[in-house]
Amino acid sequence: MKLEPIENSLSETILGGFSSRGLRVLVNPRPEFVGTFGALGTNFGSVDRVGNGQGQVIPEGLAHFLEHKLFEDQMGDVSDRFSALGASTNAMTGFSGTTYIFSSMNEVSACLELLLSFVQTPWFTDELVQKEQGIIAQEIRMYDDDPDWRIFFGLLRCLYASHPVRDNIAGSVESIAEIDAATLHRCYKLFYHPRNMCLSLSGALDPEVVAEVVERDQATRPLDELAPHVRTNPEEELLPTSDRHEEELSVSRPRLLLGVKETVLGGGPLEVARRQLCSRIVLDALFGRASDAYQSLYSDGLVDESFSASYSGEPSFGFSTLGGDTDEPDQLEDRLRETLAKARHEGLGVAALERVRRKIHGMILRSLDSTENIAFGMLSEHFHGLKPFAALELVEQLTVEELDNRLREHFREDAFAVSLVRPCGS
Amino acid sequence: MTNAPLELLGTPGGVEVHLQQTARFKAVHLHWLLEAPLDTGRTARAILPDLLTRGTARFPDLAALSARCEELYNTDLLAGVTAHGTRQLLRFGVETIADEFSFDGPLYVRALDLLAEVLQKPPLVKGAFRPDHLDQERVNLARSIEALVDDKPLYAYRRLVEVMHEGTPFALHSWGEAEEARALTEGQVHEAWDFVRTEAPARLMIVGDITPEQALETAEQLSGVRARAVPASPTAAPGSPARAARVVEESQPLAQSRLAMGFRLPPTRLPGAACQLMSLVLGGGSHSRLFKRVREAESLAYGCGSSAMLDSATLIVQAGMDDAHVERVRELVLEELQRLGTEGVEEEEFDLSVRAQRRRLSVLRDSAGGSLGFRLAGLMSGRATTPEQALDQLEAVKPAEIAAVAAECTLDSTFVLHGNAE
C-alpha cells in the first residue's frame, strides 16, 4: 500500500492511501508527540435501518449493539489485550457512523494489528448477546435520567415523523431484546467491509510501518465485492411532525430547546458542508457570546452559561438546536423566535464575517494540538467526502449574501419545534 | 525546537512562575492560579470568575469582550473555581494560538493584555461593580449551585462527599452555598476581589513557545500591586473519625438508582502510588475487578468504577443500576475489596493496572493542559510534580502493597439515590 501526501491548506503532513481490499487509510505523523491515536470507522450508524438497498429492516439500536459485541471474541474481552499492550481502547456510535479507537504509547504496530483484527473478526453467540442486553439496558436507563439527552431526543421526535434520527442511538429496552446473533451477523456483513471503512491515525508513528501492518492484515481478508454503503433518504415530511414536546423530570429548573428542521436535503459533499458551515456561522452571529441577542438574553436573566446553539447536518437530515436552562421558558422561546424573525428580515451584518474567519482559523489550529482531534477530524472528513481542513477553504469563499440566503432558507418559522423539560411537580 | 520540561522558573514577589518553553504545541496555555482557604469567604470569591469575565473597562460587556476574543483568533478566556483538599483555587487564563500563526503581528501580548484587564480593570461604576452585573451573577451562581442536583452521578458523588467529610473543609463545594450567593453584597464581593488581586498566593503556569523573560514579564503584569504571599504547603489528608459506617438514602423519580460508597484510604500509605494503583485494580477501567464482576459477569450496571482522591484520603466507588440490584452491587464491591485485601492482587491484573497508569502518565506530555494540571495537583498535594517522578514511584510499588492498602481501607459512608420512577 502506498501512502501519498494529501494537499491541505495548513501544510500539515497528511498521507493517504487505499489497502488492497479498498480500506481508506489516513495518516498524520507527529514525531513531536509521544502517543498515537488510532480510529477505525465504519459508515454505519443508528440512522441506517435498511440494509443496502436489499430492503432488510435493521432493528433500532443495532449499530450500537454491534459496537458493544465486537469487543468480545473467542479469546475474551478485547480491551484486556489492549491493556496488556499498555493501551486504552473504546468505541462510539453516532447517527451515521461507528468508530473504534485506541490510544497507545510504544506499541503502535501491535495496537493497530489488534484494532484491525477485532473489528474485522466478529464472534457472536446468543448467550453473549443475551448478557449484553442487560448491560445495554442499563446504559439506556442511564440516558433516561440525563435531561440533556431527554430534551434532545424529545425535540428530534417533534422534528421527525419517521426518519430514524428520531430514535435513541442505543435503541430501547424493547428493541434490543429482539436482537440475536443471527441479526448481528447479517448486519455486520452489510456494513463492516473495507470499502465501507476508514482507518485514521495521528501521532508518533512511522507511516511505512503503518502501511506494512495494514497491508499484512488486509492480505488475510477476502476481496471486498460490496460497494460502500449509500445512505438512502427515508420517507419523511418536509416540516416538523409536531411543534411541541413537554415532560417533567427530576431537574432544578426548566430547560428549553428550540429546534429547526432542515428542509434542504441531498446534494454533494461540498454542498452539505457549505450548508453546515453557513448554518453554524449564522447561529454564531445571531446567538454566539459576541452577539447582541446573547448579550440581551443574558442581561435579562433569560439564559446563562448553559445556553448553546448548534447545527448538525447530513444529506438525509439536519437540524439546528438552540436553548438552555431558563426560569422563563415561554419568554425565552418568544425572544429566540423574534431574533430569528428580525434577522430574516434585516439580514446579517458584514462585520461578523471577518471575525468568524479568524475564529475558525484559531479553532482549527488549536485542534492540531491533539492527535485525537486530528484522527477524528480526518475520519469525519473522509466519510463526508471532504479534504482535510476543508472548513478553512470554505470559510474563505463565503459571502454575507450566502449567509443571508442560508438564514432565510433554513430558519423558517414553519420548521420550528420546541422541546421543554420542567421540574417534577412544577 | 525547544522542548524543555515544565519547571519552576522563579518566585518573583512570591509568585511561583512555572514555564515549559516548547514549540511542540500550536497554542500557548497560560494559567494564573490563586489560592484561598475553602472554609471562609468562598462564595464571595466563587462569583468572581463569571463577574470579571462580564466585561472590562475597555470592553464593557459580554458581547464586546467575546468579540475581542474572537478577533484574537478565538482566544479562550479561562475563568473558574475548583477545590483542592482544603483550598479553593481560582483559575484565570488564556489559551491562544502561538504568535507564528497570527496573520497580524504578535498575539500573545494582546491576549495577555486582555487577561490583565479582566483581572484588574472591571467596568466599575463609582468604584463599585456594576449593579446589574452583580445582580445577575449572584443569581447565576445560586442557580448553578442548585443545579448540581441535575447531574445524577455527580449529585450522588457530592452527597457522599458531604456525608463522609461532614464538618470539615473536605466536604465543601468550591462554589459555596446558594443562599449565601443570593445574599452577597457589593462590599463582600469587592473585598474578595481585592484579596484575589493583591493578597492571594499566586502561581503562573505557562506551556508554549514563550521565553523565560516573557514569562517573568507576564508574572509582573498579572501581579499588579501585590503583597508577597507564598502558596500554602500541601495540606495533610484527614484522619478517620471514630464512628460507625453511615448509610444515607434519598429517592427521586429516576429510571435508575445510584450507589456511591466512600472508603477511607490508610493515611500511612499516602500520598503513595500504591493507593492509586489499588483503585485501578479494583475499579479503574475495563480490566478491573468491579468492571469484570458487576458489569461483565452479572450485567448489573453499565459501569462500576472507583477513584482515589488522595487529597482527602478517600476511595469512592460508584455505579448506576436498577433499584432492585443496589444491594447486590454493594455486596460485590465489598466482596471484591475484601478479596483483594486477603488474597492479594493477581499478577496479570497488577501488570495491566501498572501499564494503564504508565500510559496515562506518559501521554501527559502530549497535552499542555494535562501537564499543567498534573503539576498543579502535585504542588498542592505534595505529590510528584512531573510524570517522570510519578513513573518512578509507580515502578516501585510492590503487589503486596496493593493488598495492604485494600486490607486497610475502611468503609465510611454509603449514599444511595433510589430511582422510583414508574
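Me: What does contact mean here?
Reply: Contact means heavy atoms within 4.5 Å. By that rule, 59 residues of chain A and 60 residues of chain B take part in the contact. The model is predicted: local features need pLDDT of at least 70, side-chain atom pairs count only at pLDDT 80 or more, and totals for chains, interfaces and linings use all residues. Residues are numbered from 1 along each chain as its sequence is written, chains are lettered from A and ligands numbered from 1 in the order in which they are written, and side-chain values use heavy atoms, with hydrogens and water left out.

Me: How much area is buried between chain A and chain B?
Reply: About 5,200 Å², with carbon and sulfur atoms giving 51% of that. Buried area is the accessible area (1.4 Å probe) that two parts lose on being put together, summed over both.

Me: Which three residues supply the most on chain A's side?
Reply: A:Q138, A:R358 and A:R366, which supply 14% of the area that chain A buries against chain B.

Me: How many salt bridges between the chains?
Reply: There are 13 salt bridges between chain A and chain B. A salt bridge is a side-chain nitrogen of Lys or Arg within 4 Å of a carboxyl oxygen of Asp or Glu. One of them joins B:K292 and A:D80 at 2.8 Å, N to O.

Me: Which element gives the largest share of the side of chain A that touches chain B?
Reply: α4(A), with nine residues. Helices (H or I, at least four residues) and strands (E, at least two) are DSSP runs, numbered from the N terminus.

Me: Different topic. What domains does chain A have?
Reply: The assignment gives domain 1 (4–219) and domain 2 (244–423); such bounds come from an automatic or database domain assignment. Taken over C-alpha atoms, the centres of the two domains of chain A are 27 Å apart.

Me: And how many residues of each are in the contact?
Reply: 45 residues from domain 1 of chain A and 43 residues from domain 2 of chain A. The two domains bury about 3,500 Å² between them, 75% of it on carbon and sulfur atoms.

Me: How many salt bridges there?
Reply: Two salt bridges between domain 1 and domain 2 of chain A. A:R255 also forms a salt bridge with A:D148, where the closest N and O atoms are 2.5 Å apart.

Me: Which element leads on the domain 1 side?
Reply: α5(A) gives the largest share of the side of domain 1 that touches domain 2 of chain A, ten residues.
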